[in-house]
Amino acid sequence: AYVFIDKDNEYMISSYVYNTYRYHNYTTGSQVYSISADQSNGAFINPAALDSDNNILYADGTTSAGVYQIFRYSLGSSSAATATLSNVELTRSVTAFKPSTFTTTTLFVGQNDGKLLKLENANATPTWSVITGLDFVGSISCIELGETEDDIFVTFYNYGVKSIFYSDNGGTTWTSKEGNLPDIPVRA
């Protein structure tokens with residue numbers, strides 16, 4: 001489903017369904033080991049993101065019983081350690097992740113109810129905050145950062161909603177960048 005490539009060209013991660021991932025040697029492409037938490041958790045094509053700076057893979061770990069959680073896989077050269085992150089602010093399934101490219105420990109998390117979370121110190125014991133815009137409706141499809149971590153772009157993939165938002169102050173305020181875009185799902 002998804003492929004993630006380490007920016008230092010040490011490894012690649014491939015995904016199959018739910019929480020099934022494989023760690024591959026970058027040079028040969030050979031599988032080194034499998035990464036799996038509870039394979040019945042998450043979505044069929046499961047949202048995930050690689051924090052290449054810290055060698056951590058984040059993935060949705062929502063259970064069929066409606067327990068909302070994130071799996072944090074700390075990647076080693078021969079195995080991965082799994083931790084489960086949860087918080088009262090995680091109220092729906094995760095639909096998008098974005099590890100910060102500016103600080104090595106911040107993770108942005110989008111949910112299928114339009115809630116946007118910021119996890120500082122995500123690689124250890126996270127501090128969770130909500131940075132959702134007032135007009136956010138639908139499922140977040142993508143989170144991207146601009147010139148700084150304060151420049152955040154968020155897109156939604158639902159019909160009948162504003163699909164593109166921008167913040168230049170770290171999510172304190174948001175501006176629609178919809179313009180005259182037709183009513184189409186925006187994936188990124």
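Here's a short back-and-forth about a pocket and a surface patch in this predicted model.

Me: Why is Ile45 called partly exposed?
Reply: Its relative accessibility is 43%. Buried means under 20% and exposed means over 50%, with partly exposed in between, so at 43% Ile45 gets the middle label. You'll find Ile45 in the loop between strand E4 (31-36) and E5.

Me: What makes Ile45 fit for a nonpolar patch?
Reply: A patch residue needs over 30% relative accessible area, and Ile45 has 43%. Ile45 forms the patch with Tyr2, Tyr18 and Phe44, and together they have about 380 Å² of accessible area.

Me: Why does Ser34 count as partly exposed?
Reply: Ser34 comes in at 47% relative accessibility. The exposed label takes over 50% and the buried one under 20%, so 47% lands in between. Ser34 is in strand E4, and its C-alpha is 16 Å from that of Ala48, with the two positions 14 residues apart in sequence counting.

Me: What makes Ala48 part of the picture for the largest pocket?
Reply: Ala48 is one of the residues nearest the pocket's centre, along with Phe4, Ala49, Phe97 and Pro99. The whole lining has 23 residues, and the pocket's volume is about 540 Å³.

Me: How do you know which element gives the largest share of that lining?
Reply: E9 supplies five residues, the largest share. Strands E5 (48-51), E9 (94-99) and E13 (140-145) are the elements giving two or more.

Me: What makes up the lining by class?
Reply: Twelve residues are nonpolar, five polar and six charged. Phe, Ala and Pro count as nonpolar, so Phe4, Ala48, Ala49, Phe97 and Pro99, nearest the centre, are nonpolar.

Note on methods. Residues numbered from 1 in each chain as written. Predicted model: local features only at pLDDT ≥ 70, side-chain atom pairs only at ≥ 80, totals over all residues. Heavy atoms only, no water. 1 Å grid on protein atoms, 1.4 Å probe; cavity = no way out; pocket = protein on both sides within 12 Å on 5 of 7 lines; lining within 4 Å. Points joined across faces, edges and corners; volume = space filled by probe spheres on them. Helix = DSSP H or I, 4+ residues; strand = E, 2+ residues; numbered from the N terminus. Patch = residues over 30% accessible without salt bridge, like charges linked within 9 Å, V, L, I, M, F, W, Y side chains within 5 Å. Areas by Shrake-Rupley, 256 points an atom, 1.4 Å probe, with all protein chains shown as cover. Salt bridge = Lys/Arg side-chain N within 4 Å of Asp/Glu carboxyl O. Buried < 20%, exposed > 50% of the residue type's maximum accessible area, 1.4 Å probe, protein only.
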